[in-house]
Amino acid sequence: MMKHGLNPQSDVLVSVVSPICNAESWIGEYLQAISALLGHEYKDYEIVLVDNGSTDNTVAVVEQLQQELRNIQLYSLARPIPHESAFVVGLEQAIGDVVITLAAAYDPIDPILEMVQLAYSGVDLVYGLLLPPDYEGKPADRCFHAATLYATGD
């Protein structure tokens, strides 16, 4: 159940933004899973996919799934752009009260519910960080390490 009086079935529109590229072999499973999760928890949601210049049948697979599943938007780019820029394309199209970005190829979908709860708990920004399971640092150490790694490339 959501905290702070938030009724997940009526009070929030959740957008999930995911760039994809050459995802023909796994996008169906991803969309089935994320649609089931969002549909169970929220009355209003959208899945915003940005196809980043796929050369396989990703677009055709998603278009077929749009006939079966609700609330899937697909934006197809004519040529590939940097992954981060593809996220920006999706963010510009998302209309949710809460917008979550996921790298569909590897980010788990389970944290979505907790992220929405945290967004309504009084914080301004919720950020997920995927770390190796054997990493034993403290949470703050992990965030610092990841930020340092990103900033320095070391």
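Read from the N terminus, the elements of the chain follow the order β-α-β-α-β-α-β-α-α. The model is a predicted one. With the whole chain displayed, five helices and four strands can be picked out.

**The whole chain**

Colour the 154 residues of the chain by accessibility: 35% of them are buried. Switch to the surface next; the chain exposes about 9200 Å², of which carbon and sulfur atoms supply 54%. If contacts are drawn between residues at least 6 apart in sequence, 71% of these join residues at least 24 apart.

**First stop: Thr58**

Select helix α2, residues 58-68, and within this helix Thr58. Is Thr58 buried or exposed? Its relative accessibility is 0%, and therefore Thr58 counts as buried.

Now display the side chain of Thr58 together with Asp56: the two side chains make a polar contact at 2.5 Å. Add the backbone of Ala23, whose nitrogen is reached by the Thr58 side chain at 2.7 Å. To complete the surroundings, select Ile20, Asn22, Ala23, Glu24 and Asp51; these are in contact with Thr58 when neighbours within four places in sequence are left aside.

**Second stop: Asn52**

Move to the loop between β2 (44-51) and α2, where Asn52 is found. Asn52 counts as buried because its relative accessibility is 7%, the cut-off being under 20%.

Which backbone nitrogen does the side chain of Asn52 reach? That of Ile81, at 2.8 Å. Expanding the selection around Asn52, again without neighbours within four places in sequence, brings in Ile20, Cys21, Leu77, Arg79, Pro80, Ile81, Pro82, His83 and Ala86 as contacts. Ile20 was also listed among the contacts of Thr58, and Ala86 leads on to the next stop, helix α3.

**Third stop: helix α3**

Select residues 83-93, which form α3, and highlight Ala86, Phe87 and Gly90, which are buried. These residues lie on the same side of α3 because they cover an arc of only 105° around the axis. Turn the view to the other side of α3 to find Glu84 and Glu92, both exposed.

What covers the buried residues of α3? Show β1 (13-20), β2 and β4 (98-101), which are included in that cover. With β2 displayed, the loop that holds Asn52 can be located again between this strand and α2.

Key. Residues are numbered from 1 along each chain as its sequence is written. This is a predicted model: local features need pLDDT of at least 70, side-chain atom pairs count only at pLDDT 80 or more; totals for chains, interfaces and linings use all residues. Side-chain values use heavy atoms; hydrogens and water are left out. Helices (H or I, at least four residues) and strands (E, at least two) are DSSP runs, numbered from the N terminus. Buried means under 20% relative accessible area, exposed over 50%, partly exposed in between (1.4 Å probe, protein chains only). A polar contact is a pair of N or O atoms within 3.5 Å; within protein, one must be able to donate a hydrogen and the other to accept it, and residues adjacent in sequence count only if both atoms are side-chain atoms. Contact means heavy atoms within 4.5 Å. The arc is that of the directions from the helix axis to the C-beta atoms. Accessible areas come from the Shrake-Rupley method with a 1.4 Å probe; for residues, only the protein chains shown count as cover.
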